[in-house]
Structures are given as structure tokens and as C-alpha cells.
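Open the model in a viewer and keep the selection panel at hand. The stops below follow one another as selections.

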Amino acid sequence: MHPEIAGLIDWQPLARGGFSTVWQARQQSLDRMVAVKVDHRPLNGDKEQRRFLREAGAAGRLSTHPGIVTVHDAGILADGRPYLVMDLCVGGSLTQWLKPENRQSQRKIRDIGVRIADALAVAHARGVLHRDVKPANILIDAYDQPGLADFGLAAIPEPDQDVSVTLEGMTPAYAAKEVFYRTSPTQFGDVYALAATLYALLDGKPPRWPDTGTPNLPEVIQLHEQPIERLPDVDPAFMDVLLGALADDPESRPTAVQFRDQLSELTFDTSSEVPPPITAPAPAPETSGEVGSRALRSRRRRRSITPILIAASVVLALIIVGLFRWGSSPRAAVPAPAALTVAPTTEKTAGKTVGTTAPPKPSPSDSPSPDASTSTPPNGFVDCSAQLGGTSYCLDPQQ
């Protein structure tokens, strides 16, 4: 059943934890959606109620910082349960980034650390400790910006304050070692919790924490005696900064301001962001990069030019063969008509007999001249101009 708070309607549950429930509601006066966090633990005495209202007022004064979720109102229900009215962060908390499929880049995790460390620095400068920094208390707003929420456990340190309240509602997985020995809380506990949060965003779980199961308080104290494992896939400089903030001795840790500056100075090698060289055949242009497109266009040009080159090579070969045969082989003689016997002529020259053959058949344009019929054949020859064209003489077969 949702609580009854004046001016809020359209209640819907968002999340429920061990100590509180978060609702979504509409603020009628401004017609906006807000988140309402209601604590399950009633504040029975006046001292507890005054403490809560004091802390809520401190959280409200810090809301002007961009890294802190704005608190609009605070109060105590009729049954003694306290509540906070805050901005509705539609992006959820950073707990979703602990899953392997939602793991973020080192650069983005570093940037969140810078933003939240700066928020803690402002809170510490005003004497306010958060005391429960963890992924569930860092929310993402509608503009994809992180903000630190739930200053419900924050306390303004006072000399007469009971330190036992520091253990109630505390999350052991992100708490510093000194918290379990009930020492007075300091700003260095918030720095440890933020560093543990960043470590968990990189690894999927807090430092020293087992992969499965939830250890009890003695087991958690025993875990703090073990060294924190360096993450091999994380930039070494990033790991150095985190391990410094996760030191067992609170005085060895940086302040929130120093931790913010150390994170800000980190630089990351961008070579890992360059895609590996393409070794497989380039895909189609619509899915390939510039290199693949150039390779595909080159292959297409080669495929279009290849048939032309083959055809040109064939034509060139035919021309070369034709020229070779034309220049080196004798032209075929035109055969004589079947009715004629063309015999070679012989003449004696210096004791040698030289044979001659009839000339080839001329083309039609070489027709006999008009006075060819009046010419006289040589002795022993007859006129065969009519058969061979032009002025032609053949051996007289009767001699």
C-alpha cells in the first residue's frame, strides 16, 4: 500500500530493498513525476526524528550540485516512517552495469568517479558524510548523467553521537575496514566506498568479495585481511589510483578532492579503440568500410576490363599471324583452264636451261587492250589472251 502524502497522486512501486521502498508518484502542483523513498524503520523518538530531518535538510542543501540527486521534500509518516521526495531518475542505478553484458568502458567509469568524488568533496566541505556509497545509490537521470542519491544515512558528526548507528543499513561489500570496528566515521570511509564502487563496475563485484554467496560479518572482517587483486585488463595507472583509495589505513587514502584530481589526470591509450585490420574478403559496399569498398571496386574494374583485354589479344594474334603468312608464304597461283596445257618455256642462257611459268591470272580490271588481237605471238607460241587475259602467249601444243 502506497503512503499518503499530500499533493502526490498516481503511485506506482519502483523498487524495494531491505530497509526501504521507492515509489513513483506525480506531484500535482508542478505536474511532474517524482521518486519517493520510504524507510521501513520507524523513528519512534524525538531524537531520531530530529536527526533524520537534520540530515534531510543537509541533503536538500547539497542538491544544487549536479552530481547529487535533488531532494524536493522530506517528512515523517503517521506511523513514524521517514520519507524523501526526490527527482525521478529514469535511467535506474549503476547496479545494472555490474552485469557482464552491460559492462562500460574504463573511460566512462573514470568519468563517473570524477563526478561523484566532486559531489563528495562538496558534501565533506559542509560536514556531511554519505556513509553508504555504492552502485545502487548512484542513479542515472533523463540526460544520462549520474547522481549520488540517498543521503538518508548521512550524518553531521557530533562529539556525543552514538557511532553504533553507522552499522545500521550499511552495505558490507563497499564498507571500509574501520567501519566493522565501530570507529568514528570519517570522510575517508566515503572515499573507500567510491573506490570500491568503481572497482566493482570494472570487475563485476567489489574488491575481495566472493563470486557467489554473501559472507557474514566475521567472514567480511576476515576478507579485509587479504590483499586486493589487481585487475589485469584495467589500465595500470587506473588501478594504482583505485588501490591507493582502497588502502586499509584511512589516513593513507586521499581526500575526495585528491581522489577526484587523481582520476581526472588519468589518460587512456586509444589504440585499443582502433579496429583490427581486415583479413577476410571485403564485404558488400553497404556493409563494408572504406577499405572494403575500394577493394570491391577494384575487383569489379578488373572483371570488366578482362574480357576487353582477351578480345584485343585475340585480334592482335590474328593480325600477327596474317602478316607472317602474307610476307613469308608464296601467293597461290591461279590454275590454268582445263582445256589448256600451260607448259614452261625454256631458253638457253650460257649453257643453262631456265624455266619460266605462266603468269598468274590477272584481275578483271586487267582486260586485254584493244590492239591485243593484232599482236603477233612469238615463234612456237599461240595467243591465249582470251583465256588468261591481257596479252598472253602459251606454248603451241602442235609443235
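Start by selecting A74 and L84: L84, in strand 5, is the bridge partner of A74. This is a predicted model. Now widen the selection to residues 71-76, which form strand 4, and residues 82-87, which form strand 5. The two strands run antiparallel and are joined by 5 bridges.

Next, go to the turn of this hairpin, where 5 residues lie between the strands. Select G80 there; its phi is positive, near 90°. Then show the side chains of D79 and R81, which form a salt bridge with an N to O distance of 2.7 Å. How buried or exposed are the two partners? D79 has a relative accessible area of 45% and is partly exposed. R81 is partly exposed as well, with a relative accessible area of 25%.

Leave the hairpin and select helix 2, residues 106-125, together with helix 6, residues 256-264. Two packed helices are described by the angle between their axes and the distance between the axes. Here the angle is about 160° and the axes are 8 Å apart. Angles over 145 degrees count as roughly antiparallel, and helix 2 and helix 6 are therefore roughly antiparallel to each other. Their crossing is left-handed. To see the contact, select R110, G113, V114, A117, D118, L120, A121 and H124 on helix 2. On the helix 6 side, add A256, V257, F259, R260, L263 and S264.

Within that selection, pick D118 and R260. Their side chains meet in a salt bridge, with 2.6 Å from N to O. This pair links distant parts of the chain, since D118 lies in helix 2 and R260 in helix 6, 142 residues apart. D118 is partly exposed, at 22% relative accessibility.

Stay with R110 and add D111. The side chains of R110 and D111 form a salt bridge, 2.8 Å from N to O. Which side of the cut-off does R110 fall on? Buried means under 20% relative accessible area, so R110, at 9%, counts as buried. D111, by contrast, is partly exposed, with a relative accessible area of 40%.

For the last stop, select D10, R26 and D31. A network of salt bridges links these three residues. To place these stops in context, how many salt bridges are there in the model? The count comes to 15.

Notes: Residues are numbered from 1 along each chain as its sequence is written. This is a predicted model: local features need pLDDT of at least 70, side-chain atom pairs count only at pLDDT 80 or more; totals for chains, interfaces and linings use all residues. Side-chain values use heavy atoms; hydrogens and water are left out. A salt bridge is a side-chain nitrogen of Lys or Arg within 4 Å of a carboxyl oxygen of Asp or Glu. Buried means under 20% relative accessible area, exposed over 50%, partly exposed in between (1.4 Å probe, protein chains only). Helices (H or I, at least four residues) and strands (E, at least two) are DSSP runs, numbered from the N terminus. Two strands pair if DSSP finds at least two bridges between them. Axes are lines fitted to C-alpha atoms, for helices over the stretch in contact, and angles run from 0 to 180 degrees between N-to-C directions. Angles under 35 degrees count as roughly parallel, over 145 as roughly antiparallel, 65 to 115 as roughly perpendicular and the rest as oblique. A crossing is left-handed if the near helix is turned anticlockwise from the far one by less than a right angle, and right-handed if clockwise. Contact means heavy atoms within 4.5 Å.
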